Amino acid sequence: MGDEGAGSAVHLLCLAASSGVPLFCRSSGGAPSRQQLPFSVIGSLNGVHMFGQNLDVQLTSARTEDTIVVWKSFHDSVTLIALSSEEGASELRLERMLHMVFGAMVLIVGLEELANIRNVERLKKELRASYCLIDSFLGNSELIGDLTQCVDCAIPPEGSFMQETLSGFSEATGTAFVSLLVSGRVVAATEGWWRLGMPEAVLLPWLVGSLPPQAARDYPVYLPHGSPKVPHRLLTLTLLPGLELCLLCGPSPPLSQLDPQLLERWWQPLLEPLRACLPLGPRALPEGFPLHSDILGLLLLHLELRRCLFTVEPSRDKEPSPEQRRRLLRNFYTLVATTYFSAEPGPAEKEEDTVPPAQSPRACYLVLGPGVGWQLVALRLGLRLLLLMLSPQSPTHGLRSLATHTLQALTPLL
């Protein structure tokens, strides 16, 4: 996670809506004590929101000279407040972050505890287990699903063979919800796993990616959309360092049933393909996948499947740094999603529709300057949206053609 300076902090406040008692406060960097907001500021931010509610006025966001504030209440029980002074901060990013944070809270403690707060001190203690996941939304993550609300994916070199093994393993263990994760990205998953609703489809890989490495886990989780009041079990098994097998199940199978012999029988034949998946964490694309040399980063979204590919690995020897590339692509996505393209597929759109409805833009681009020259281009065709970051050498008149060819090359992958 990136270490944000005092001038570019993200603060997150969680309060009991009825009493205004803080349940937790987090800041970018993870340490609750660093850059902590004074209690008077916390009280004022909550007070002005409650004052508006008493007058039937819904206060959702405010902007000062250098800070954006967003408020969101959930079930009339929990109020979340986000403040950001980061460059390029936006209401969209903070709003979606608050939804992910509340989803993370439900994932760990369940909706019943949050919708009907009976014991504030006990709830505070229970919510500590969600800090690791929540802090990952505040920092400079290599993932982008928190913003796009799509599952971060990586494309394995031998995907069909891996998918067959995953399906067979799913039948052998008696659970329909199985996935293979590398650094929080889904490499392969069963149909059952892909059918998980939002936000758990995004949250579960993020949770696994945020936890300290462990050979095996049996972790109770609630599904914010599918089962917010009845817990399931998330079983994780480390096949290789950084590569984890995840099963979402009920009371069975017990973790002891997933013994080394069972894992070896199913996954030993795939040892080399599994090793080839390890670099996919930051790269997302198979090694040797042909990308134009001007591409510095890309984000591809499938708007119906709610999956995305995100990487800033191409041409690592060039400026800017990976952290800057991620920030610029995130900011560009926010601009594109709020100004030019809907983040949802239109009701009449189908896979074969390559032309959006009349009056809808198909492409846009942005040139950063002065003295920088990095270029950002977005192209939407049918159900896919592609964002590229390009070096200054790429001719502006060729941006759309380059984006079109890149999207055509990526389409079979996602």
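The following paragraphs describe the salt bridges of this predicted model.

By the distance rule applied here, in which a Lys or Arg side-chain nitrogen lies within 4 Å of a carboxyl oxygen of Asp or Glu, the structure holds 15 salt bridges. A few of them serve to guide the reader through the chain.

One of these bridges joins Asp135 to Arg26, with an N to O distance of 2.7 Å. The two residues come from distant parts of the chain: Arg26 belongs to strand β2 (residues 22–27), whereas Asp135 belongs to helix α5 (residues 131–138), and 109 residues separate them. Both Asp135 and Arg26 are buried.

A further bridge pairs Asp146 with Arg330, whose closest N and O atoms are 2.6 Å apart. This pair also links distant parts of the chain, with Asp146 in helix α6 (residues 145–148) and Arg330 in helix α13 (residues 322–339), 184 residues apart. Asp146 counts as buried because its relative accessibility is 4%, under the 20% limit. Arg330 has a relative accessible area of 12% and is therefore buried.

Glu113 and Arg122 form another salt bridge, their closest N and O atoms being 3.3 Å apart. Is Arg122 buried or partly exposed? Its relative accessibility is 38%, so Arg122 counts as partly exposed; that class lies between the 20% limit for buried residues and the 50% limit for exposed ones.

Salt bridges can also share partners. In this model, such sharing joins Glu112, Arg118 and Lys229 into one network.

Key:
Residues numbered from 1 in each chain as written. Predicted model: local features only at pLDDT ≥ 70, side-chain atom pairs only at ≥ 80, totals over all residues. Heavy atoms only, no water. Helix = DSSP H or I, 4+ residues; strand = E, 2+ residues; numbered from the N terminus. Buried < 20%, exposed > 50% of the residue type's maximum accessible area, 1.4 Å probe, protein only.
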